[in-house]
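Here is a chain to read at the bench. Take a look at the fold before the questions start.

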Amino acid sequence: MLRENNIGITKLYSILGNFFGSMQNVPATKRCLKTVCQKINREQADNDIKKTLDLIRELRESDPGFAFSVDPDENGRIKTLLWTNSQSRMQYDHFGDVVSFDTTFKTNLYDMPFGLFVGVNNHFQTVLLGGVLMTDEKIDSFKWVFREFSSLMGGRQPKTILTDQCRAMEVAIAEEWPNTVHRWCKWHVLKRVRECVGQKYTSNKEFRDRFHIMLNEMLTIEEFETSWSILLKQYGLEKNAFLTQIYETRHKWVKSYFKGVFCARMTSTQRSESANHMLKNILSPSCPLHQFIQQYMKMQYIRDEEENYEERRNKLNSKKISTGGPLVVHAHRTYTLKVFSLFSQLKEESEFYRAIEIIPGEEYMAEHYDLTRVQHWCKGQYRVQVVHGGAEYMCECGLFEHFGLPCSHILRVMISNGVQKIPYSLILQRWTKSARHILPADLSQYKKDNPALLAQTYRHSSLMLKVLRFAEMGIAMCRVTP
């Protein structure tokens, strides 16, 4: 059991010392223990495919929503194996709009790259959506992965996907998910900048900080373009081949170009890599296929427990607040605790702005109180449009479209106009306490307090939705029967 959970020989020997009372009482030497562990590894690797199929059969019996797909090679051997389960499929229904995918992990007996699809839930926690083991990272293999993943998830494709700069992956996504926006992980971009720019990046803190501000803080294209030109000229990097190359693809990795692209505040594949790191901690370097899937399911169970804890915490902390103004009170009642804390930060930022009316009731300028204190690259003024008498708000910074929360500029305009509640158009349900209370359009009348939406498993939820549809059929028959 210790070896299955990637406990090294030395630590394992020490644990046995505790178990037997002292190291002298352990009935084996460390060398003998190493031999035993090698024997265990050989036994686990025997009949691995049969054990894997038996495990999948067990998983399907205990979870009817468990699904997998195999891509065989010309000799009938497993080339790619993709799997997901009921919990992941239910998570994808609610939070599958933005997905991160990464294949940097290779800890298994066959040295197969492991790809992990992850998303982010309404508590800003990582949710596992599916795992895939591949024998290669070619275009055709990635095309199969994205096509099958979409198929296992009911044919639905994500709105946005974040990956590294793998060219094969880029081509596959463009062909299989043409309507999905593909963006690069900023961490991988920064890694390449560090390698190609050299000491100007690694040793010059001022340059590094300004580069990070360009990447993370600037809201508009105008701010980025101006700052990029100034920075390269100041440090003599106008002719740097790598910076010229990544500038041509800036729409893939610069936040300013993400306007209108919903990313759920994910700008890197770090969530995938974090989950990979967690999996690596509980996997031995040469684990067989069936053990790999077993450990993956353990990791998912741990993640699900953490999510359930947040759900309970939100229910226990549903006490109303009366301070901060009506918008804050409404936000606290609407959003989860984590999202509410982010909303509160935006509300605090709004205090630095004033709303100047340009067209009465239709257009405003959110202007910083002291433009002399605003950083030189920052506009300090943002135009906010009010549509349909306040039913909708649009800001040129594009934060709502990118993140799903009203920006500080919109909040300042709403507060100045005495708005009591956040407009429905500015509330993204995926961030609310009722994020899982989503029904198909034909059953929308059952939306409020629907038990199907509170079900803990994909199977229960599916059955409840079928029951509601039968009820609808019965009601329709009663109407037409005399």
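The questions below go through this predicted model, from the whole chain to single residues.

Q: How many helices and strands does the chain have?
A: The chain runs to 482 residues, and 49% of them count as buried. Its secondary structure comes to 18 helices and 11 strands.

Q: What share of the contacts with a separation of 6 or more joins residues 24 or more positions apart?
A: Take the contacts in the chain with a separation of 6 or more. Among these, residues 24 or more positions apart account for 62%.

Q: Is Val 145 buried or exposed?
A: Val 145 sits in helix 5, residues 139-152. Its relative accessibility is 0%. Buried means under 20%. Val 145 therefore counts as buried.

Q: Which residues does Val 145 contact, leaving aside its neighbours within four places in sequence?
A: One partner is Thr 80, 65 residues apart from Val 145 along the chain. The C-alpha atoms of this pair are separated by 8.0 Å. The full set is Thr 80, Leu 82, Phe 101, Phe 117, Val 132 and Met 134.

Q: Are helix 7 and helix 9 roughly parallel or roughly antiparallel?
A: Helix 7 (residues 186-197) packs on helix 9 (residues 205-216) at about 150°, with the axes 12 Å apart. Angles over 145 degrees count as roughly antiparallel. So helix 7 is, relative to helix 9, roughly antiparallel.

Q: Which residue classes make up the contact of helix 7 with helix 9, and how many of each?
A: Helix 7 brings Lys 186, Leu 190, Val 193 and Val 197. Helix 9 meets them with Phe 207, Phe 211, His 212, Leu 215 and Asn 216. By class, that contact has 6 nonpolar, 2 polar and 1 charged residues.

Q: Which helix supplies the largest share of the largest nonpolar core?
A: This core has 39 residues, and those with the most contacts inside it include Tyr 335, Tyr 393 and Trp 431. Elements that each supply at least two residues include helix 14, strand 9, strand 10 and helix 17. The largest share, 5 residues, comes from helix 15.

Q: How many residues are in the other core, which has Phe 211 among them?
A: This core lies apart from the largest one. Leu 231, Leu 243 and Tyr 257 also belong to it. Its size is 24 residues.

Q: Which residues does Tyr 393 touch, not counting residues up to four places away in sequence?
A: Tyr 393 is one of the residues with the most contacts inside the largest nonpolar core. Its partners are Val 384, Gln 385, Val 386, Ile 410, Val 413, Met 414, Val 419, Pro 423 and Leu 426.

Definitions and conventions:
Residues are numbered from 1 along each chain as its sequence is written. This is a predicted model: local features need pLDDT of at least 70, side-chain atom pairs count only at pLDDT 80 or more; totals for chains, interfaces and linings use all residues. Side-chain values use heavy atoms; hydrogens and water are left out. Helices (H or I, at least four residues) and strands (E, at least two) are DSSP runs, numbered from the N terminus. Buried means under 20% relative accessible area, exposed over 50%, partly exposed in between (1.4 Å probe, protein chains only). Contact means heavy atoms within 4.5 Å. Axes are lines fitted to C-alpha atoms, for helices over the stretch in contact, and angles run from 0 to 180 degrees between N-to-C directions. Angles under 35 degrees count as roughly parallel, over 145 as roughly antiparallel, 65 to 115 as roughly perpendicular and the rest as oblique. Ala, Val, Leu, Ile, Met, Phe, Trp, Tyr, Cys and Pro count as nonpolar, Asp, Glu, Lys and Arg as charged, and the others, Gly among them, as polar. A nonpolar core is a set of buried Ala, Val, Leu, Ile, Met, Phe, Trp, Tyr and Cys residues joined through side-chain atoms within 4.5 Å.
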